[in-house]
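Here is a short report on side-chain links in this chain. It covers charged pairs first, then cysteines.

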Amino acid sequence: MGKSRPRRFRRAPFSPAGPEQRRDGEGGPEEEPAAELLEKLQHPSAEVREYACASISKLLQQKHVIPAFLQRDVVRCLGPLLMDHSLAVRETAAGALRNLSACGGFEVCDDMVTKDIMTPLVALLKECSTGLDANQLSPKKCREMNKNYIEDIANEAINLLWNVCECNNTAVSIFNKGGCLEAVLHYLKKFSTNVDLAISVANCLQAVTEDNPDLLSSFNAYAQQVLETVMLCPESTMKHILLRTLIAGTFWNIKDTIPPGSLGSMVNAILKIFSESLAIDAGETIIRMTEAEKNRLKLAAEAETEENMSDVTDSRVLTEDDDMEEIPKGKVRRENDISDLLPSDKWELKEVTALLMAQQTALEIIVNMCCSEDPSDDEWEELSSSDESDLFMENSYNEGGGLLMSPLCLSDEVNSAFLNNLIPKKILEKTAFPNSVALDICMHNPSWKPLIKKLNAVQCRALTCLHSILLVSDVDCLGGVSALQSLAQHLSQLVFSKTELPTDTEFLEAITSALRALLQTMASKNISQCMTPEQLLALCEAGIHSSNASVKVNVVSILGISGSVLAKGQDTAETLKMIGKFLLEVAMKESSLVVAGEALDALFDVFADGKEAEKAAVQIKLLPALKEFQPVFKMRMRKEGKGQYSTDQLCVLDNVKMNLRRFIAYQETLGKTPT
């Protein structure tokens, strides 16, 4: 039903932690009922309260136990402990609430805000911020444990804040008005010594700044300076790359606060960071890091053997107090978070996880850049200039370095200034299937296996990014006809290179969206298509059986685009007959009105004109079939339309209904025309 539109990525609010993310040990104190554990939260002993919080935190990782705790008002039981006099209790209480928010979903987060979790949470954030640099707040015992309680508490609290703000507008409003920005920026300044805390803050900032104009006035010169300092930090670890990427995303969200004279330099700096992230080969990094992990563990095992031999007589009995210190603090979050999910000896895995999250985030932000509102002429002029001297100027791209893509909406002005080739090389590289050697390593290593999903997510985001750029760029800026044909061959290989067609829903949606946009561009310029009729129908056959409506809409549209091109050729009637039969069947049998409407729209395009199309239409009895289906479609719209579809969808369906009537009338005139 018309051209596809750019897709805008919103940060995924939640994905409850899956089995691969459980890092606190197997099992848990499930034999202790919720009521008993909640009662222990009131115990006068701090150690008992800490134990209860840690036990609850572990149990809350299992979604089926959450209702039992909610029925006993777990939020109001844990909330006051955020300000407990014991720092250990504060941390475990914050960790338990973090798990509840992550594994409970939207409704639980709404309930947490309704039960006023924000009041103690904001108080905790501010108190930790105030005491962040106070040495006296790190007791001797904490120093001996090599533990900074204040920063660890802050990390749990920031993650809890991140969760509830992503799900609840009231929480965001409290963030805006409660002075939270100043506190979290103070934590962010610790990036040089605690990058994990800084990453948590950056994730939270990117979430709360998205579509939040009320917060923009709080980003004064000081706030922007803090962000700039982090964004320009020179550290080259994968975690720092993720940190810079997240801060770049925050800067994009608050771009309306940037002075006009600095906007171009800021966008250039953002794109440089994304380019840095996307330039790294994740597959090769996995291969290198797993080898480093093997060597490190081998050396550690040898050192431990020597130490055990020398200390064999120096054993000691584990006391009850020692046991309390070893209780793990439950720290589980969404599937796309890396904070605290992995044991401390998994630093190589943490680095690769950070890299993949940086790449996925960069690609999502680029997609959103393509979908932004059209900037003013003044902004285009500014973005095209090369003599900015303000914010980020020292670190913006130098001549010859190449921009990742032209920012914002890729207008003609920016296309001519920034896009000199087909599709930015780094994005195109990420659309390829992940490195097979790296996949094999991950498949046979339980700790690394979750990375397979992340590798596939990066590929899908790259394809969606490609789709968005295709929609907003013209042929010349994409590299011309030959470049588009090469791209078409590349995308076709992604679909047909394996013995079986892909079935993964996310990949199918991404690849069919990119193909649809590419075929639209090629058809509009009369560029020959990339797929054989057999490949085309095979893809559509696979896509139409997907459970995802977007995949179905895409393949039907692809068929319509390709069919309309074939209709202009010679000796294509047989192929047009196959296309027509397929689209008719989808229109008549598809349960979704949106997909059925798209199939009708595709039929109108394919059989709109041309002798071959006329011949095929007669042979498949298109006119009588549509005349018979017309009242059925009208009836379905009356019965199913209200309540099931959005206003925009109903408007489009109304147009399809009107076009169906016109198309039938047009086909009737063809039948009366002398041959």
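In this predicted model, a search of the whole structure turns up 22 salt bridges. Three of them are set out below.

| Pair | N to O distance | Residues apart |
|---|---|---|
| Asp73 and Lys115 | 3.1 Å | 42 residues |
| Glu156 and Arg98 | 3.1 Å | 58 residues |
| Lys346 and Glu293 | 3.8 Å | 53 residues |

Take the Asp73 and Lys115 salt bridge. This pair links distant parts of the chain. Asp73 lies in the loop between helix 3 (66-71) and helix 4 (74-78). Lys115 lies in the loop between helix 6 (106-114) and helix 7 (118-130). Asp73 is partly exposed, at 23% relative accessibility. A network of salt bridges links Asp73, Arg76, Asp111 and Lys115.

Glu156 and Arg98 form a salt bridge that joins helix 9 (residues 149-167), home of Glu156, to helix 5 (residues 87-104), home of Arg98. Both Glu156 and Arg98 are buried.

Lys346 and Glu293 also pair in a salt bridge. Lys346 sits in the loop between helix 17 (320-325) and helix 18 (347-370), while Glu293 belongs to helix 16 (residues 282-310). Lys346 and Glu293 are both buried.

Now the cysteines. How many disulfides does the structure hold? The count is 0. Cys180 shows why one pair fails: its sulfur is 7.3 Å from the closest cysteine sulfur, in Cys165, too far for a bond. The cut-off for a disulfide is 2.5 Å. Cys180 is buried, at 2% relative accessibility. Cys103 is buried too, with a relative accessible area of 1%.

Conventions: Residues are numbered from 1 along each chain as its sequence is written. This is a predicted model: local features need pLDDT of at least 70, side-chain atom pairs count only at pLDDT 80 or more; totals for chains, interfaces and linings use all residues. Side-chain values use heavy atoms; hydrogens and water are left out. Buried means under 20% relative accessible area, exposed over 50%, partly exposed in between (1.4 Å probe, protein chains only). A salt bridge is a side-chain nitrogen of Lys or Arg within 4 Å of a carboxyl oxygen of Asp or Glu. Helices (H or I, at least four residues) and strands (E, at least two) are DSSP runs, numbered from the N terminus.
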